[in-house]
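Trainee: Got a minute to go through this one with me? I'd like to know what to look at.

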Amino acid sequence: MTEFRFVHSSDLHLGRRFGRLPEEVRGPLAEARHTALARLAAAARAHGAAHVLLAGDTFDTPTPSDRVLRQALNAMAEAAGVSWWLLPGNHDSAAGAEPLWERIAAEAPANVHPVREAAPVNLAPGVTLLPAPVTRPAPGRDLTSALDAMESPEGALRIGLAHGGVVDFAETGASIPPDRDRRAGLDYLALGDWHGRLSVSARTQYPGTPEQDRFRHGRRGVCLAVTLPGPGAAPVIEEVETGVFLWREERLPLVPGTDPEAQLAALLPASGRREMLLRLSAEGRARLAERAALARAAAAAAPDFWHFDLIADALATEPDAADLDAIDQAGALRRAADALAAEAADETLDATARRTAAAALARLYAYVVEGAA
C-alpha cells in the first residue's frame with residue numbers, strides 16, 4: 001500500500017481557566033489554546049495529511065461551556081479536507097463526560113469523529129484505528145490491553161490511539177507498558193496525557209500539548225506529523241511547532257558581592273519576551289542592598305513579558321553592618337532590623353520561619369532606604 005500520513009496531537013484542554021495567574025494574563029492563554037486547532041489543521045495541510053488524531057483531553061472539564069464547545073467544533077469544521085478523531089481522556093472521559101460526548105456526536109460536523117468505543121475503526125483504505133478511550137477519570141487499569149486482541153484486515157496499518165501514562169507513579173496498575181506497540185502489533189501508538197514531548201520508542205509517542213500550560217517542559221508546544229511508509233516499516237516523525245507562548249523557568253544563583261542586576265540582565269532573553277511567561281527562582285545568598293537591587297531590576301523587566309514571576313524563597317539574606325545602618329543606626333527600626341536578622345539566621349527555627357524573617361527584613365530595608373531616596 002502507499003504511505004499514510006496524519007497529525008498526532010493531544011491535551012488541548014480547551015476551556016482551561018489558568019486560575020492561578022493574574023486575570024489580565026489568562027484570556028490570551030485560553031485563546032491560544034483555541035487557535036491551536038487552526039495551527040493543527042495548517043500542519044496537516046502542510047504535510048499532506050488528511051487526518052488529525054487527538055489522543056484525549058480535548059476539553060479541560062467534562063462540562064465545557066457552550067461557547068467553548070461550539071467554537072471548537074466550528075474551528076474543526078472550517079478545516080476543509082481534514083478529519084478529526086477525538087478520543088476521551090481523563091478530563092473528558094467517555095462515562096464521566098457522557099453528556100458532552102452525546103452532544104459532540106449529535107452536533108459535530110461531518111469531519112469530526114468522536115471515538116467513544118474500544119473497537120476498530122476504518123480510518124482509510126488499508127488503515128485501521130485501534131482506540132482505547134478512557135472510560136472514567138481514574139479507570140484503575142491499563143485500557144490499552146484491549147488493543148492486543150483488536151483485529152484488522154490482513155496487511156492493514158494498525159494505529160493505536162490511547163490516553164495514559166507509561167509510568168505508574170501511584171502503583172495503581174493502570175500504566176501503559178512501553179512495549180504495547182509490539183504486543184498489539186501496532187505500526188504506531190499515538191498517546192496523550194503527558195503534556196511534554198516524549199518519545200517512548202520509535203513507534204510509541206507523546207506529542208505533548210500543542211500549547212504549553214506549565215513551567216516544566218521549557219519549549220513551545222508541538223504536534224507530530226507522522227508518515228507510515230507501510231506495515232512493519234518504521235514511522236517517519238516530524239515535530240511541528242504549534243505553540244504561541246513559551247513557559248520558561250530559570251535559576252538565578254547569587255552570592256554576596258556580585259551584581260544581581262548584571263546577572264539578571266545576562267539571563268533574560270534578548271527577544272520574544274512578549275510571548276513568554278518567565279518564572280525566575282533566585283537562590284543562594286545576598287545582602288539586603290543586593291536583594292533590593294534585584295527586586296528593582298525584576299520590576300523594571302517584568303512589563304516586557306507576558307508574565308514575570310520572581311521567587312526568592314530560596315535566597316538567604318546575609319545583612320552586613322552597612323545594611324543595618326542604612327535602616328537605622330539606633331532606635332526602634334534598628335531594634336526591629338536586628339531582631340529580624342537574628343531570626344533569619346537562627347538555625348533552631350524552621351526554614352519557613354527563617355524565610356519569613358528574611359523577607360520581612362528585606363521589605364523593611366526597601367521601605368526605609370528607597371523611601372528615603
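Mentor: Sure. One term before we start: contact means heavy atoms within 4.5 Å. And keep in mind that this is a predicted model.

Trainee: OK, so leaving aside neighbours within four places in sequence, which residues is Leu189 in contact with?

Mentor: Leaving those neighbours aside, Leu189 is in contact with Leu147, Gly160, Leu161, Ala162, Arg180, Asp181, Arg203, Thr204 and Gln205. Leu189 itself lies in strand E8, residues 188-192.

Trainee: Is Leu189 buried or exposed?

Mentor: Buried, with a relative accessible area of 0%. The cut-off for buried is under 20%.

Trainee: And how far is Leu189 from Val244, C-alpha to C-alpha?

Mentor: Those C-alpha atoms are separated by 27 Å, and the two residues are 55 apart along the chain.

Trainee: Switching to helices. Which residues of H2 are buried?

Mentor: Val68, Leu69, Ala72, Leu73, Ala75 and Met76. Seen down the axis of H2, they fall within an arc of 160°, so they line one face of the helix.

Trainee: Why would spacing like that work in a helix?

Mentor: An α-helix has 3.6 residues a turn, so residues three or four places apart point the same way.

Trainee: What covers that buried set in H2?

Mentor: The cover includes H1, E2, strand E3 (83-86), helix H3 (98-107) and strand E4 (112-114).

Trainee: Does the length of H2 agree or disagree with what its 12 residues should span?

Mentor: It agrees: at 1.5 Å a residue H2 should span 16 Å, and its end C-alpha atoms are 16 Å apart.

Trainee: New topic, backbone angles. What is phi of His13?

Mentor: Near 50°, a positive value in a residue other than glycine. Most residues other than glycine have a negative phi. His13 sits in the loop between strand E1 (4-9) and helix H1 (23-46), and His13 is buried at 2% relative accessible area.

Trainee: What about phi of Asp57?

Mentor: Also positive, near 55°. Asp57 is in the loop between strand E2 (51-54) and helix H2 (66-77), and counts as buried at 1% relative accessibility.

Trainee: Last one. How many cavities of 30 Å³ or more does a search of the whole structure find?

Mentor: It finds 1, and about 30 Å³ of space lies in the largest cavity.

Trainee: What lines that cavity?

Mentor: Gly196, Arg197, Pro207, Thr209, Gln212, His217, Arg219, Arg220, Gly221 and Val222. By class, that lining has 2 nonpolar, 5 polar and 3 charged residues.

How values were computed. Residues numbered from 1 in each chain as written. Predicted model: local features only at pLDDT ≥ 70, side-chain atom pairs only at ≥ 80, totals over all residues. Heavy atoms only, no water. 1 Å grid on protein atoms, 1.4 Å probe; cavity = no way out; pocket = protein on both sides within 12 Å on 5 of 7 lines; lining within 4 Å. Points joined across faces, edges and corners; volume = space filled by probe spheres on them. Nonpolar A, V, L, I, M, F, W, Y, C, P; charged D, E, K, R; others polar. Helix = DSSP H or I, 4+ residues; strand = E, 2+ residues; numbered from the N terminus. Buried < 20%, exposed > 50% of the residue type's maximum accessible area, 1.4 Å probe, protein only. Expected span 1.5 Å × (residues − 1). Arc of directions from axis to C-beta.
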